[in-house]
Every structure is written in structure tokens, then in C-alpha cells.
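Biologist: I'd like to learn how to read a structure like this one. Could we put it on the screen and go through it feature by feature?

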There are 2 protein chains.
Amino acid sequence: MRGAKSKTKKACPEGGYRVRGHIWVEGAEGAFLGIGRVALLEGIRETGSITGAAKRLKMSYRRAWELVESMNRQSPEPLVTASTGGKGGGGAALTDAGEKAIEAFKRMDEAFGKFREKEAKRFP
Amino acid sequence: MRGAKSKTKKACPEGGYRVRGHIWVEGAEGAFLGIGRVALLEGIRETGSITGAAKRLKMSYRRAWELVESMNRQSPEPLVTASTGGKGGGGAALTDAGEKAIEAFKRMDEAFGKFREKEAKRFP
DNA sequence: GGTCGTAATATACGACAGGGAATAACCATT
DNA sequence: AATGGTTATTCCCTGTCGTATATTACGACC
């Protein structure tokens with residue numbers, strides 16, 4: 001009942017399986033920096049607000065704000081500064097620590113991609 | 001309102017953050033082999049039944065059975081064989097492919113641990 | 001000083017993964 | 001043929017997570 005009896009078809013030399021994964025940095029209260037949080041940081045940098053980043057990433061403002069709070073709480077210096085009122089109603093921006101965090105994570109994630117690709121050879 | 005102002009405390013040379021992650025093998029229908037599935041396979045090997053493995057891992061039989069089905073469906077040859085009735089009411093056992101899957105995944109997971117440890121140095 | 005769009009916060013709603021229970025089928029052993 | 005523990009399968013229920021919605025506070029700019 002499982003059909004397909006292999007058929008000795010040797011197309012796809014290293015084909016059927018691929019290795020996937022999540023990787024993230026943990027701080028005092030759990031998740032601190034992951035791919036989603038980094039995307040949020042980039043969204044904030046490019047839109048100038050938490051609201052704009054949330055819309056771009058199709059997540060609720062509430063969640064975006066919670067993530068920003070979580071990151072700021074767990075870092076000795078905040079990654080995002082936000083201000084209310086004023087020109088445009090307020091906004092948010094990355095700090096230098098925020099930029100550095102993005103950079104470090106992206107390098108790690110790239111290395112992770114290479115790692116997965118290499119390890120996938122274990123499952124031909 | 002975020003307190004703590006860093007304090008220039010340089011104990012914990014590479015301390016605050018650690019890198020964590022999940023890694024798994026994907027097949028045709030999604031997840032094929034992960035740490036939980038491997039633990040289940042080992043539980044089956046050691047208890048001789050899906051029921052026993054589920055109890056040991058404190059998961060419902062339903063879930064355990066679904067995981068076994070998923071693995072068997074996505075492998076050219078099943079990782080687990082099960083039989084009903086007979087001595088002891090039936091049972092389950094690993095195939096040779098099942099043993100090899102455990103082996104391959106554990107090696108990969110070990111390499112993953114080393115990778116995370118190495119990459120954590122990016123976040124001092 | 002009114003305006004505007006954002007930050008910040010609370011509440012209610014909905015989706016869904018997983019758990020638990022219940023049931024039927026199975027078959028060597030006794 | 002009765003037993004017993006397991007596989008296989010279905011149905012319901014609940015906790016959790018995130019979304020959506022609503023409200024208030026804010027302050028530079030016109």
C-alpha cells in the first residue's frame with residue numbers, strides 16, 4: 001500500500017530530501033534575534049515606523065511592537081528607538097546596535113544555509 | 001525606562017547570548033525527520049511498540065502514529081513495521097532503513113551543535 | 001491651538017494544532 | 001473460543017497563538 005517500489009530511477013542525483021531549519025539567538029527571556037525579527041528590523045529601517053514594517057511583513061502591529069519590545073529589553077542598548085507625536089505622528093529608527101545585530105545575524109544565517117546544504121548529502 | 005545602563009561589567013566574557021535552533025529533513029509532504037521523530041524511532045526500538053514509545057515520550061498515541069505514518073509515507077522503504085494481534089497484542093519494530101535514518105540524523109545534529117557553538121561567538 | 005499619523009495598550013474573536021477518549025480490528029497464546 | 005494488548009481510526013474538546021479592533025497619548029508642524 002505504499003506503491004512506487006523505487007523503480008531504480010536515478011535522475012535527481014541528490015534529490016528527494018532537503019535539510020531545513022530555524023536558527024535564532026536567545027537572550028534572557030528566550031528568543032532575542034531570529035529571521036523574522038531581523039526582517040522586522042529591516043522593515044523599520046526602510047519604512048521609518050513600526051506600523052509601516054508591520055504592514056510590509058503582513059503582521060499585526062501588536063505583534064511587531066511586542067517583538068521590538070522583546071529585543072530592546074534583552075539588549076544592553078536598544079536596537080530600535082521610537083517616538084510618538086511630532087512630524088508625521090512619530091516613527092521608529094534603528095540604532096547602531098540594531099544595524100550591527102542585523103549584520104551579525106545575516107552572516108550567521110548565510111553560514112547556516114551552507115551548513116544545511118552540506119549536511120543534506122547525508123540523506124541521498 | 002529601560003534601566004541598567006550597561007554598567008561596564010565585563011564578567012561573562014562570551015556570556016549573554018546563545019544560539020539555538022531546530023533542524024530537520026524535509027521530504028515530499030514536509031517534515032520527514034527531526035529530533036522528535038528520531039526520539040520516537042528510538043522509543044519504538046526500545047519498547048517494541050508505538051504505544052510504549054508514545055508513553056515514554058509523553059505524547060498521545062494518535063500523534064505518535066501520525067508521525068510514524070508520515071515517515072513511512074515519505075521513505076522509499078518504511079522505517080517502522082507494525083503488526084497487530086498475536087503475542088503481546090502486536091508491536092512495532094525498526095527496519096534497517098529506520099536504524100540508518102537515526103544514525104544519519106544524529107550525526108547531523110551533532111554537527112549542528114558544533115555549528116551553533118561556533119556561530120555564537122558572533123554575539124558577545 | 002488644531003491636525004495628523006504614529007506609538008502604546010487593552011480587549012475580544014477566530015483558527016488550528018494537539019490531546020484525550022472511544023471504538024473496531026487483529027491474532028498468537030492459552 | 002476466550003484473552004489480552006496492540007494497531008488503526010474517528011470524533012470532540014481545549015489551550016494557545018496571533019489577528020483584528022478600539023482607544024488613548026503624543027508632539028512637531030502648519
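Modeller: Sure, and let's start with pairing: two strands pair if DSSP finds at least two bridges between them. Keep in mind that this is a predicted model. Here β1(A) and strand β1 (residues 18-27) of chain B pair in the antiparallel sense, over nine bridges.

Biologist: Which residue stands opposite A:His22 in β1(B)?

Modeller: That's B:His22. As a general idea, side chains in a regular strand alternate between the two faces of the sheet.

Biologist: How many residues of chain A are in contact with chain B?

Modeller: On the chain A side there are 27, and they touch 26 residues of chain B. Two elements of chain A, β1 (18-27) and α4, each give two or more residues to that side. β1(A) has the largest share, with 10 residues. By type, the chain A side splits into 13 nonpolar, six polar and eight charged residues.

Biologist: Then α4 is next. How do I read a pair of helices?

Modeller: Look at the angle between their axes: over 145 degrees counts as roughly antiparallel, while 65 to 115 is roughly perpendicular. The axes of α4(A) and helix α4 (residues 96-119) of chain B cross at roughly 160° and come within 11 Å. The two helices are therefore roughly antiparallel to each other. The crossing of α4(A) past α4(B) is right-handed.

Biologist: Which residues of α4(A) and α4(B) meet there?

Modeller: From α4(A) you have A:Met108, A:Ala111, A:Phe115 and A:Glu119, and they meet B:Met108, B:Ala111, B:Phe115 and B:Glu119 of α4(B). That contact has six nonpolar residues, no polar ones and two charged ones.

Biologist: What about packing inside chain A?

Modeller: Take helix α1 (residues 35-47) of chain A, which packs on helix α4 (residues 96-119) of chain A at about 135°, with the axes 10 Å apart. That angle makes α1(A) oblique to α4(A). Here the crossing is left-handed. On the α1(A) side the contact uses A:Ile35, A:Val38, A:Leu41 and A:Glu42, and on the α4(A) side the residues include A:Gly98, A:Ala101 and A:Phe105. The make-up of this contact is six nonpolar, one polar and three charged residues.

Biologist: In what order do the elements of chain A run from the N terminus on?

Modeller: Read them as β-β-α-α-α-β-β-α. That's four helices and four strands.

Biologist: Two of those strands sit side by side in that order. How do I read a hairpin?

Modeller: Check the pairing, then the turn. Strand β3 (residues 80-84) of chain A pairs with strand β4 (residues 90-94) of chain A in the antiparallel sense, over five bridges. One of the matched pairs is A:Ser83 with A:Gly91 in β4(A). The hairpin has five residues between its strands, and A:Gly85 in the turn has a positive phi of about 65°.

Biologist: And a single residue: is B:Val80 buried or exposed?

Modeller: Count neighbours; the cut-off for buried is 20 or more other C-beta atoms within 10 Å. B:Val80, in strand β3 (residues 80-84) of chain B, counts as buried because it has 22 C-beta neighbours inside 10 Å. Beyond four places in sequence, its contacts include B:Ile44, B:Val68, B:Met71 and B:Leu94. B:Gly98 is also in contact with B:Val80; these two are 18 residues apart in sequence, yet 6.4 Å apart C-alpha to C-alpha.

Biologist: What share of chain A's residues count as buried?

Modeller: Of its 124 residues, 27%.

Methods:
Residues are numbered from 1 along each chain as its sequence is written. Chains are lettered from A and ligands numbered from 1 in the order in which they are written. This is a predicted model: local features need pLDDT of at least 70, side-chain atom pairs count only at pLDDT 80 or more; totals for chains, interfaces and linings use all residues. Axes are lines fitted to C-alpha atoms, for helices over the stretch in contact, and angles run from 0 to 180 degrees between N-to-C directions. Angles under 35 degrees count as roughly parallel, over 145 as roughly antiparallel, 65 to 115 as roughly perpendicular and the rest as oblique. A crossing is left-handed if the near helix is turned anticlockwise from the far one by less than a right angle, and right-handed if clockwise. Two residues are in contact if their C-beta atoms, placed from the backbone, lie within 7 Å. Ala, Val, Leu, Ile, Met, Phe, Trp, Tyr, Cys and Pro count as nonpolar, Asp, Glu, Lys and Arg as charged, and the others, Gly among them, as polar. A residue is buried if 20 or more other C-beta atoms lie within 10 Å of its own, exposed if 12 or fewer, and partly exposed in between; C-beta atoms are placed from the backbone.
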